[in-house]
Amino acid sequence: MKDSLILIPGVGSDHRLWEHQVRHLEDLVDVRVEILCRSQSRAETVAELLQKAPDRFALAGQSYGGWLGQVVAATAPERVSKLMLVNTFSRQNDAHLDTLRQWIDQIDKNQLIPFLDNALKDAVHPHRLRDHEFVKSLCAMQHAFPQEGFRNQFRAIINDYETASLLPSITCPT
């Protein structure tokens, strides 16, 4: 039986974020991508993941996924065998929280798509912005993500941002 690997993408991202990794790891591990955007509560989201997850698994999370991964590993250390965190956060950051509130404001004004498109220049390296296929696929992924999913993910972060205090509880290789 193969080991299990769960991949959690960042805000507004889906399975497409991890396509390359899934394609190259699926022969080695039982790999799956979990899209977690139903709840505005970090605790509920972690519980949802743990309910779906096998008894023991490795976990990789990017940004929002890494933020959740820290909590999963601290909450259920007996279940998480390895943890990989990519471009994530743990300490209180008021500027980041203000940005998330601005995103929610754009959702409330039904302006999320133009806001997403405008934010690309700040989120993507200038060299990659010239890669039209990459930008097209990134925009397609984000445009397809449900606005309520964006709102729920942003609210979960705002409602319970800090994870730095949990880091000493993570016992698996990270």
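Buried means under 20% relative accessible area, exposed means over 50%, and partly exposed lies in between (1.4 Å probe, protein chains only). This is a predicted model, in which local features need pLDDT of at least 70 and side-chain atom pairs count only at pLDDT 80 or more, while totals for chains, interfaces and linings use all residues. Residues are numbered from 1 along each chain as its sequence is written, and side-chain values use heavy atoms, with hydrogens and water left out.

**Exercise 1. Classify the two partners of the D105 and K109 salt bridge by accessibility.**

Step 1. Fix the criterion. A salt bridge is a side-chain nitrogen of Lys or Arg within 4 Å of a carboxyl oxygen of Asp or Glu.
Step 2. Check the pair. The side chains of D105 and K109 meet at 3.1 Å, N to O.
Step 3. Take K109. Its relative accessible area is 48%, so K109 is partly exposed.
Step 4. Take D105. Its relative accessibility is 32%, so D105 is partly exposed.

**Exercise 2. Describe the salt bridge of E48 and R38, and place both residues in the chain.**

Step 1. Get the distance. The closest N and O atoms of E48 and R38 are 2.6 Å apart.
Step 2. Locate the ends. E48 lies in helix 2 (residues 42-52), and R38 lies in the loop between strand 2 (30-33) and helix 2. Helices (H or I, at least four residues) and strands (E, at least two) are DSSP runs, numbered from the N terminus. The two residues are ten residues apart, and the pair links distant parts of the chain.
Step 3. Compare burial. E48 is buried at 13% relative accessibility, whereas R38 is exposed at 60%.
Step 4. Set the total. The count comes to twelve salt bridges.

**Exercise 3. Find what R128 does with its charged end, and which residues the salt-bridge network joins.**

Step 1. Look at the ring. The charged end of R128 sits over the ring of F134, 4.0 Å from its centre. The rule asks for NZ of Lys or CZ of Arg within 6 Å of the ring centre and within 35 degrees of the ring normal.
Step 2. Look at the acid. R128 also forms a salt bridge with D131, at 3.1 Å from N to O.
Step 3. Check exposure. R128 is partly exposed at 35%, and D131 is partly exposed at 29%.
Step 4. Turn to the network. Salt bridges that share partners join R32, E34, R38, E48 and K52 into one network.

**Exercise 4. Characterise the aromatic pair of W103 and F154.**

Step 1. Choose the descriptors. A pair of aromatic rings is described by the distance of the centres and the angle of the planes.
Step 2. Apply the cut-offs. Rings of Phe, Tyr and Trp (its six-membered ring) pair if their centres lie within 6.5 Å; planes under 30 degrees apart count as stacked, over 60 as edge-to-face and the rest as tilted. The structure holds seven aromatic pairs. W103 and F154 are 5.6 Å apart, centre to centre, with 50° between the planes, and the pair is tilted.
Step 3. Place the rings. W103 sits in helix 4 (residues 94-108) and F154 in helix 8, 51 residues apart.
Step 4. Check burial. W103 is buried at 15%, and F154 is buried at 3%.
Step 5. Widen the view. W103, F115, F145, F150 and F154 form one aromatic cluster.

**Exercise 5. Which residues of helix 7 are buried, and how are they arranged around the axis?**

Step 1. Size the helix. Helix 7 (residues 132-144) has 13 residues and reaches 18 Å from its first C-alpha to its last, close to the 18 Å expected. The expected span is 1.5 Å times one less than the number of residues.
Step 2. List the buried set. V135, L138, C139, M141 and Q142 are buried.
Step 3. Find the arc. Seen down the axis, the buried residues of helix 7 fall within an arc of 160°, so they line one face. The arc is that of the directions from the helix axis to the C-beta atoms.
Step 4. Turn the helix. The face turned away from the buried side carries the exposed residues H132, E133, K136 and A144.
Step 5. Find the packing partners. The buried residues pack against helix 5 (112-123), helix 6 (126-129) and helix 8 (147-159). Contact means heavy atoms within 4.5 Å.
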